[in-house]
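Me: Please take a close look at a single part of this model and tell me what surrounds it. I would like one connected account rather than a list.

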Amino acid sequence: LQALERLAEETPAVVLTDIEMPRMDGFDLVRNLRSDPRWAALPVVMITSRIADKHRQHAGELGVDHYLGKPYPEEELLSLVRRYCAVAVQG
């Protein structure tokens with residue numbers, strides 16, 4: 001819920017989220033983002049300890065752009081963030 005409230009104030013280059021969060025899980029966050037035209041194209045990277053195929057598939061169906069299982073290579077995450085920030089600056 002805090003993430004959605006912050007989006008009213010500013011639009012980030014990319015959203016990093018977990019599945020398990022208080023008050024609203026990551027799946028619900030992505031569902032909300034994708035249903036709002038203002039944020040439908042906002043890149044989302046889900047970082048989670050839930051690495052089962054069913055979770056990864058569900059995330060993909062909701063529109064998650066990248067799914068990283070914990071533990072993840074730090075450089076992979078940094079590379080994704082750099083790429084999305086570069087696109088936002090060009091955009």
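Reply: Two residues are taken to touch, or to be in contact, when heavy atoms of the two lie within 4.5 Å. The structure is a predicted model, and the part examined here is helix H4 together with the strands it packs on, starting from one strand residue. Thr 17 has its place in strand S1 and is buried, with a relative accessible area of 5%, where under 20% counts as buried. Leaving aside residues up to four places away in sequence, Thr 17 touches Gly 26, Leu 29, Val 44, Val 45, Met 46 and Ile 47.

Strand S1 (15-17) is also one of the elements against which the buried residues of H4 pack, together with strand S2 (44-48) and strand S3 (66-69). Helix H4 itself comprises residues 74-90, 17 in number, and spans 25 Å from its first C-alpha to its last, close to the 24 Å expected at 1.5 Å a residue. Its buried residues are Leu 77, Leu 80 and Tyr 84, and because they cover an arc of only 65° around the axis, they lie on the same side of H4. The spacing is in keeping with a general rule: an α-helix has 3.6 residues a turn, so residues three or four places apart point the same way. On the face of H4 turned away from that buried side are the exposed residues Glu 74, Val 89 and Gln 90.

Technical notes:
Residues are numbered from 1 along each chain as its sequence is written. This is a predicted model: local features need pLDDT of at least 70, side-chain atom pairs count only at pLDDT 80 or more; totals for chains, interfaces and linings use all residues. Side-chain values use heavy atoms; hydrogens and water are left out. Helices (H or I, at least four residues) and strands (E, at least two) are DSSP runs, numbered from the N terminus. The expected span of a helix is 1.5 Å times one less than its number of residues. Buried means under 20% relative accessible area, exposed over 50%, partly exposed in between (1.4 Å probe, protein chains only). The arc is that of the directions from the helix axis to the C-beta atoms.
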